[in-house]
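Work through these exercises with the structure open beside you. Try each task before you read its solution.

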Amino acid sequence: MNPKTMKHSASIWDGEVGHSRCIDVVHWEGDITPEQLANVATQISTDWQMVDLQLDPAHPLHGNAFHLRKMDDDEYEEVEYQKRKAAFEARHAGKRVWVHGYHFEEDVEAGTSEPFFYDTMFSTLFITLADIEALCDKHYGEGVWDEYSLYLDDKLPTPLAIDF
């Protein structure tokens with residue numbers, strides 16, 4: 001059977017499947033992503049907590065239990081952050097970057113916080129942000145630096161010409 005013509009359904013629950021009230025049952029043809037299914041559930045009721053997915057009998061995974069749990073705002077934000085982080089890491093993987101670390105100097109009386117940039121920058125091939133943070137610990141000292149700026153090798157400012 002063609003996956004685009006398979007008919008699936010899902011029951012939307014206001015708690016755990018089988019231990020709460022079934023709000024509604026939806027049907028559709030073809031594939032659907034978890035995000036799309038969550039959007040459908042939210043359009044039906046903002047009170048939903050769990051979706052129980054039933055695949056078409058012709059689907060190779062028919063008979064398996066698939067549940068989609070509603071994420072709270074913190075979980076959703078963490079998932080979105082991880083997606084953006086992974087996309088950033090994939091976009092810059094293997095590129096040469098320069099790293100410039102700094103920490104904040106607080107003036108409690110004035111209520112200000114100013115960045116203090118270190119004299120040393122270092123260059124490395126970008127792999128992951130965790131790798132950059134480990135290198136910041138190595139170059140600036142563990143627990144010393146607060147943040148860092150990344151510069152692509154080809155985006156550094158033009159150095160001053162010493163032509164006298």
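## Exercise 1: The largest pocket

The largest pocket of this predicted model holds about 300 Å³ of space. Task: find which residues lie closest to its centre and which elements line it.

Solution.
- Step 1. Start at the centre. The lining has 14 residues, and the closest to the pocket centre are Pro34, Glu35, Ala38, Met71 and Tyr76.
- Step 2. Move to the elements. Two or more lining residues come from each of α1 (34-44), β4 (66-69) and α2 (73-92).
- Step 3. Rank the contributions. α1 gives the most, with 5 residues.
- Step 4. Sort the lining by class. There are 7 nonpolar, 2 polar and 5 charged residues.

## Exercise 2: The second largest pocket

Task: describe the lining of the second largest pocket, whose volume is about 230 Å³.

Solution.
- Step 1. Take the centre again. Of 15 lining residues, Ile32, Pro34, Leu37, Leu53 and Leu55 are the closest to the centre of this pocket.
- Step 2. Name the elements. α1, β3 (50-54) and β4 each supply two or more residues to the lining.
- Step 3. Find the main contributor. β4 gives the most here, with 3 residues.
- Step 4. Count by class. The lining has 9 nonpolar, 5 polar and 1 charged residues.
- Step 5. Look back at the central residues. Pro34 is listed for the largest pocket, and Pro34 is listed for the second largest pocket too.

## Exercise 3: The four-stranded sheet

Task: give the strand order of the open sheet of 4 strands, then place α1 on the sheet.

Solution.
- Step 1. Write the order. It is β2-β1-β3-β4, with antiparallel pairing.
- Step 2. Mark the edges. β2 (22-29) and β4 each pair on one side only.
- Step 3. Add the twist. Neighbouring strands are turned by 20° against each other on average, with direction ignored.
- Step 4. Check one pairing. Strand β1 (residues 7-13) runs antiparallel to β2, and 7 bridges join them. Within this pairing, Trp13 has Cys22 in β2 as its bridge partner.
- Step 5. Add the helix. α1 packs on the sheet and touches β1, β2, β3 and β4. The direction of α1 makes about 135° with that of β2.

## Exercise 4: The three-stranded sheet

Task: repeat the analysis for the open sheet of 3 strands.

Solution.
- Step 1. Write the order. It reads β6-β5-β7, and the pairing is antiparallel.
- Step 2. Mark the edges. These are β6 and β7 (147-152), each paired on one side only.
- Step 3. Add the twist. On average, neighbouring strands are turned by 25° against each other, direction ignored.
- Step 4. Check one pairing. Strand β5 (residues 96-107) and β7 are joined by 6 bridges and run antiparallel. Gly101 stands opposite Tyr148 in β7.
- Step 5. Add the helix. α3 lies across β5, β6 and β7, at about 105° to β6.

## Exercise 5: An aromatic pair

Task: classify the pair formed by Phe122 and Tyr140, and say which parts of the chain the pair ties together.

Solution.
- Step 1. Take the count. The model has 7 aromatic pairs.
- Step 2. Read the geometry. Phe122 and Tyr140 are 5.9 Å apart, centre to centre, with 50° between the planes.
- Step 3. Apply the cut-offs. Under 30 degrees counts as stacked and over 60 as edge-to-face, with the rest tilted. The pair is tilted.
- Step 4. Locate the rings. Phe122 is in strand β6 (residues 112-125) and Tyr140 in helix α3 (residues 129-140), so the pair ties together parts 18 residues apart in sequence.

Terms used
Residues numbered from 1 in each chain as written. Predicted model: local features only at pLDDT ≥ 70, side-chain atom pairs only at ≥ 80, totals over all residues. Heavy atoms only, no water. 1 Å grid on protein atoms, 1.4 Å probe; cavity = no way out; pocket = protein on both sides within 12 Å on 5 of 7 lines; lining within 4 Å. Points joined across faces, edges and corners; volume = space filled by probe spheres on them. Nonpolar A, V, L, I, M, F, W, Y, C, P; charged D, E, K, R; others polar. Pairing = 2+ DSSP bridges. Axes fitted to C-alpha atoms, helices over the stretch in contact; angles between N-to-C directions. Contact = heavy atoms within 4.5 Å. Phe/Tyr/Trp six-rings, centres within 6.5 Å; stacked < 30°, edge-to-face > 60°.
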